[in-house]
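Q: Could we go through this structure together? I would like to begin with the core.

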Amino acid sequence: MTGPIVPLGQLVLKVHSRCDLACRHCYIYEHADQSWSSRPRVISQETISRTARRLAEHAEKHRLASVQVILHGGEPLLAGPARLRAVCEALTRELDGICDLDLRIHTNAVQLNQRHLDLFLEYGVRVGVSLDGDRAANDRHRLYADGRSSHDKVLRAIALLDQDRHRHLYAGILCTVDVRNDPDAVYEALAALRPPRIDFLLPHATWDEPPLRPAGAGPTPYADWLLAVHECWVRAGRPMPVRLFDSVVSTLGGGPGLTEAMGLDAADVVVVETDGSYEQADSLKTAYDGAPATGKDVFRHSLDEVARHPGISARQHGLDDLCTQCRECPVVRSCGGGLFAHRYRSGGTGFQNPSVFCGDLKQLIHTIDARTGADAGRPVDGFDGLADGSDEGVGVRTLAAARREVTRGLLTAVHREIGPAAGPAWTRSWQLALDLGHRDGAVTEALLSHPYTRSWAVRCLGGDAPPAYLASLVAAAGLTERSDQAVPVPVRDGVALLPGLGSLTVQHGLVNVELKRTDLDGPMWEPLRRIRADGLDVALDDSDPYRDCYGIPVAGRLTGEQEEAWRHVLPQAWALIRKALPTLARGIERSARVITPLAEPQGSGHYVAGGGIGALGVHPHAEPEAVAVEMVRGFRLGLLDVLLDECELYDEADIATGESLADTFARAATDALRHDPEEADRTRAQYARLLTADSLTPLGRRFLDGVGRSL
């Protein structure tokens, strides 16, 4: 195989190969592949160490920002706290300084106790629990070998996990669908356990071993069952994300699949068994004996070698990997052909078939589409990535360009409506802007990108700002490092202000001064203070007269002591953002150029994103977390402000919904910095209330769905 590989960002680590339950629908023990029987019961220390090193090498080589490791089985808790600790220690040690580690465990939870949770607290291990609903639904499959129910023990474990001390470790519930169960009862039972997320999983099946379809149930019983659950969920205000439903909405809008079973995203998961063997996705065990095998292991092979395996690469080329029937299907970009294992048919076609759930997936997608308006046309590139925070980079670039065009329109309006009355000075400045921009497009971009150009233009149109300020903006944009041309700068009270750059003290009595770039190196030049830290490069702007656009008073000129305080706290705040929100941090790096210090907090004040995504208004705080929260909040509100220039998300007459949407969008990110369960619960409650808002447009509902996926 040639060409670049798709890095493997998710590793399923089998720490124990046996189970304490005998679930009748288990794909490991009850389906075609029986390789579990010849493997060690418990993973060895050597296998743990080799796996951790292989993962660290792979992450470092491909510069992965984070990797996800899921401890699995069998039943992983059977490995015991000591062996689980060894796994956590090895992974944490090897990945330290290379990338973030998202460590999780998937368990039936019947053995979950305080010792386990103490360990998981120490290493930040999030816990996903398998439960199929109420007692009747759960006991249809999830039983001990002697027929006893596991239901009560699982509920006790979830109650322990749901305590305030452990709540942040509670990842959610995985529920396998059985269409013989009552969908309303299943949903209500699961929702009562307050899961942060629910995953509904279709039972594993192939064309050789098709799924149960009860007589008289209709042609799409699985879609019908899931759509009944969807109705309950919507009626309840969508109190938690449901991954399958969110995936449908995301993929219909051109976003990511969120799950291996939906969308056309490249597969990036690999399994390591207790003996160190690399395998493909566990679901393949339902196809035929040996289906997941790669013939490779952690002792002899790197993860790059595994990523080149034909079975893994067969799920990394999107549409090209699918059969003709799937490629021609109108919903293929949403369903992605369904789960790879569900396409299997013996007799020569192998996995080159539609999903055995094809009809159900079509019905599910079409109905959710009709109910939600999820297919509303994407107004800007990266729209869905902006909403759920999965890829704010593309959206930021698009929105930055969109904001420049809005600013261009405002300047044109000022020229048309006010310019003729402003006299020769305006005409000279306007012509200079055109001439400089014609010679160097960077000048025009600098003029339009300066975050307070828009603020001045809006006020100028309202009669609250002088047209003459255009000369200062044009001069600042024109004094590029490539230019040796002198530009005229207005002088006020002996100071020539260059917005975004600084100010120059000149001889009193002058009205204008001609400046070159070299004039900004002398002793009378006072540049804006800059702070640089790990990719962040911002100016502390305490002088622009149009920086007071945040709805909150701005601070005056900074003293030396205040400047030092900012230099101390801002890099620490930035480090917190990079660690907790790496994708958002990249968006800030690409767009934010200014931090405007706000006045000391005094009572209430409604923050307005006047600087868009180019400038963030931040109060002075001694605590880095408080500064980080304000930076993230300001950036997210700026994103939404610019997005609203391009998209209609709600009826603008409904001010309350607009404010609530903005606050929820900001909170969805800042909660990751606070680690406060009560704040997170408030965010989810506010999100649930928004779902009932009548003034949201179809596009607004899609945006809100994206926000919900990030909670």
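Q: Which residues touch the most other members of the largest nonpolar core?
A: Of its 103 residues, these are Trp456, Leu498, Ile577, Ile595, Met631, Leu649 and Phe703. Such a core joins buried Ala, Val, Leu, Ile, Met, Phe, Trp, Tyr and Cys residues through side-chain atoms within 4.5 Å; buried means under 20% relative accessible area (1.4 Å probe, protein chains only). Helix α23 (residues 624–646) gives the largest share, 11 residues, helices being DSSP runs of H or I with at least four residues and strands E runs of at least two, numbered from the N terminus.

Q: How are the residues numbered, and what kind of model is this?
A: Numbering starts from 1 along each chain as its sequence is written, and side-chain values use heavy atoms, leaving out hydrogens and water. The model is predicted: local features need pLDDT of at least 70, side-chain atom pairs count only at pLDDT 80 or more, and totals for chains, interfaces and linings use all residues.

Q: What does Ile595 touch?
A: Leaving aside residues up to four places away in sequence, Ile595 touches Val538, Ala539, Leu540, Asp541, Trp566, Leu570, Leu616, Val618 and Met631, with contact meaning heavy atoms within 4.5 Å.

Q: Turning to helix α2, which of its residues are buried?
A: They are Gly80, Pro81, Leu84, Ala86, Val87, Cys88, Ala90, Leu91 and Leu95.

Q: What do they pack against?
A: Their partners are strands β1 (10–14), β2 (66–72) and β3 (100–107), with helices α1 (45–61) and α3 (114–123).

Q: What follows α2?
A: Gly97 follows α2, with a positive phi near 80 degrees.

How values were computed:
Buried means under 20% relative accessible area, exposed over 50%, partly exposed in between (1.4 Å probe, protein chains only).
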